[in-house]
Amino acid sequence: MADVDWIIACGRGPISTALAVTAPEVDGPCFHAAAAALEEAKEQRQVFTFRGFPPATDPLAAYYSALYWSWTPRQRRQASEFRLHDTAAAEIDAGKGLKVHPTAISHMKRRMAWPLVAQGDRMFRAAIAPTMEAR
């Protein structure tokens, strides 16, 4: 599926029907919000977008889309690997799998501004996490 450009649109809100086996059988404001987000994402060439989430998700979605389109296909694939295996040992293993020296992986991370991306990942996860009410 690497040759396909994906857009992920998420909506948060109530559903007005019972949950069903397939999405077309379910309806409600949540799905309408996701559909509207999808149309806007297509126009703005975003990789993913959200409706019904905290306002902080909008600039983060734009940020990730800008990153995605500025990276080469190899950097995009490598970003997925970095996210899956974010340890020094995994970096060494990735270098072995790619048949490159670990310093090449480190150089790629530097060129991709990976520490900033990793911090953005943490901020993004915090922004979309369900809020916990005080008990």
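A salt bridge is taken here as a side-chain nitrogen of Lys or Arg within 4 Å of a carboxyl oxygen of Asp or Glu. In the predicted model, Arg-51 and Glu-40 form such a salt bridge, with their closest N and O atoms 2.5 Å apart. This pair links distant parts of the chain, as Arg-51 belongs to strand S2 (residues 48-51) and Glu-40 to helix H1, 11 residues apart. Arg-51 is partly exposed at 22% relative accessibility, and Glu-40 is partly exposed at 30%.

A search of the whole structure yields three salt bridges. Another of them joins Asp-121 to Arg-83, the closest N and O atoms being 2.8 Å apart. Here too, distant parts of the chain are linked: Asp-121 lies in helix H6 (residues 114-128) and Arg-83 in helix H3 (residues 73-84), 38 residues apart. Asp-121 is buried, because its relative accessible area of 8% falls under the 20% cut-off. Its partner Arg-83, by contrast, is partly exposed, with a value of 39%. A further salt bridge, between Lys-42 and Glu-39, has an N to O distance of 3.4 Å. Both residues lie in helix H1, three residues apart, which is about one turn of the helix. Lys-42 is partly exposed at 49% relative accessibility, as is Glu-39 at 42%.

Aromatic contacts were also examined. The structure holds 10 aromatic pairs. The rings of Phe-48 and Phe-50 have centres 5.6 Å apart and planes at 80°, so this pair is edge-to-face. Both Phe-48 and Phe-50 are buried. The pair formed by Tyr-63 and Tyr-64 is likewise edge-to-face, with centres 5.1 Å apart and planes at 70°. Tyr-63 is partly exposed, with a relative accessible area of 29%, whereas Tyr-64 is buried at 8%. These four residues, together with Phe-53 and Phe-124, form one aromatic cluster.

Charged side chains also sit over aromatic rings. The charged end of Arg-45 is placed over the ring of Trp-69, 3.7 Å from the ring centre. That of Lys-109 sits over the ring of Phe-82, at 5.0 Å from the centre.

As to confidence, the mean pLDDT of the protein is 81, and 83% of its residues reach 70 or more. Confidence is highest in helix H1 (residues 29-44), with a mean of 90, and lowest in helix H4 (residues 88-98), with a mean of 60. Where pLDDT is low, the predicted coordinates should not be read in detail.

Notes:
Residues numbered from 1 in each chain as written. Heavy atoms only, no water. pLDDT = per-residue confidence, 0-100. Helix = DSSP H or I, 4+ residues; strand = E, 2+ residues; numbered from the N terminus. Buried < 20%, exposed > 50% of the residue type's maximum accessible area, 1.4 Å probe, protein only. Phe/Tyr/Trp six-rings, centres within 6.5 Å; stacked < 30°, edge-to-face > 60°. Lys NZ or Arg CZ within 6 Å of the ring centre and 35° of its normal.
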